[in-house]
Each structure stands twice: as C-alpha cells, then as structure tokens.
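Trainee: I should like to learn how to read a domain interface and the surroundings of a single residue. Please take me through both.

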Amino acid sequence: MEAAMGLMRRMPPRHSETALSALLSLLPQHSSDLLSQVDLPLQVLCDVDIGKEFILCEYNRDADSYRSPWSNKYHPLLEDALYPSSELRKLEIEANDIFSIYRDQYYEGGISSVYMWEDDNEGFVACFLIKKDGSKNAQGRRGCLEEGAWDAIHVIEVGPEQEGTTRYCLTSTVMLSLTTDDESSGTFSLSGSLRRQMNMNLPVADGHLCNMGKMIEEMEGKLRNSLDQVYFGKTREMVCTLRPPAEVAQMRLPDS
C-alpha cells in the first residue's frame, strides 16, 4: 500500500486514473484505501435545471448519481438519496455564492462547487472544489496554453463547538498540468500534485464560512508557492544548466 501511494504521488495527474485502475486490479484487498486516499482530476457536469456547471467528486456522489449544489438535485435522478440537513443546506448555498466570488477574483474564471454533510462527531464536513481549464479554447480569460488544468480540492472537518471555539482540520490537494506548443518555446509539458494539511482552533463568533475561507486562502497561497519552487523553480534550474541562455554560454567560452 505504501509503494502504491508513492507511485500515485509521482504519477502525472492526466495519467492518474489509468494508474489507479491498474492498482485496483493488482491490489483488490486495498481498493477501499486507494479510492479514499487517491485524488483524481475533477470532472464537470451541467445542471440542466439551473443551466450551471458543477464539479463531480466522491463527496457529492450517491451510487452513480451526483448532487448539484445549485438545485440540490441528483443527476441522474435518484430515489432515497442522501441530502444535507436544512440548516446545513443554507450554509452550503451561502458558501457556494461566496466561493464563486473568491474563484472569480483569484482564478479569473473556472468552475467551483461546495458540498457539506454531517459527520458522526456532532460536527460537519465541507468540501470546496475549484477547476480551472487554462487552455486556449477553454473558459480561461488568458488562455495561452495548448493544454492546462488546475484542480484544487479542500476538505475541512469542522468539530463541535467547545467554549466558543471550534477545531478545523483542512486537507488540501492541488493537481497541476500544462502543455505549451509555441515557436519560441517549443513543446513543453509539466504536471504534478501536492497535498498539505492544516489544523486550527478558531472562535465560532467569526462564523464558519469566514474561518474556513481564511484557512483555504492561506493554504492556497502556500501551495502556489510550493508549486512555483518545486516544479517551476527546479525545471528552470535544470533547463538553464543544460541549455544556458546565449549570453551565459558566450561568457563561458574561453578567450581565443
């Protein structure tokens, strides 16, 4: 199981679904653990009743149907499906409206969805999802990539209130993949994923959405910095070492 998780961490996101299917065939005894711990690139479906797209994941799935955060209906229709309580549904609606503004300001487009459900510890769990397709023909406003995708999954476990404070446990995963095909830069492909956790005890008086929003904003900043240093920084270092710019190469030439 440890080797399988190590392999999935190193697998490009666009090949993760194929790799997971192969691992499930090789390790059927660990299928439940693999399905619960491995994050796959997000898929999108349109809510025909509202005319808005929503993101599909394990957290809004029941059997083979997925619940829309906009209409609170399952697609395709499903009888005896699971729904959040009326109080939690109100919070879910408000979270989707606020998170749409956050996504538009930070990502300049894309699709977002928020899902909430009760847990067994008198608290609840919230899942915040963002999918941004930055390719030329997608919804990105600055689409300059041949292919490009950013998938962010933020799952927050919210504990019961104790003496005016609540414990929040955030687990975030970001999957990035991009491909360029330009005359100046040539063909270039880069992909990877990161997962991080954060725990905080915050006052309930500020509101759950405010507390969760601050944690997600801080975590996304850290993840973007890590991706820039780990993937882009190391790639830039290797490229400049193997193929230094013309002026650097000229400086290295011995005097004739």
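Mentor: The dialogue below treats a domain interface and then one residue. This is a predicted model, in which local features need pLDDT of at least 70, side-chain atom pairs count only at pLDDT 80 or more, and totals for chains, interfaces and linings use all residues. Residues are numbered from 1 along each chain as its sequence is written, and side-chain values use heavy atoms, with hydrogens and water left out.

Trainee: Which domains does the assignment give for the protein chain?

Mentor: Domain bounds come from an automatic or database domain assignment. Here they are domain 1 (1-38) and domain 2 (81-242), with C-alpha centres 22 Å apart. Five residues of domain 1 and nine residues of domain 2 take part in the contact (heavy atoms within 4.5 Å).

Trainee: What area is buried between domain 1 and domain 2?

Mentor: Buried area is the accessible area (1.4 Å probe) that two parts lose on being put together, summed over both. For domain 1 and domain 2 it is about 470 Å², with 43% from carbon and sulfur atoms. Pro13, Arg14 and Gln37 lose the most area on the domain 1 side, together 76% of what that side buries.

Trainee: Is Ser172 buried or exposed?

Mentor: Buried means under 20% relative accessible area, exposed over 50%, and partly exposed in between (1.4 Å probe, protein chains only). Ser172 is buried, because its relative accessible area is 0%. Leaving aside neighbours within four places in sequence, Ser172 is in contact with residues including His154, Arg195 and Met219.
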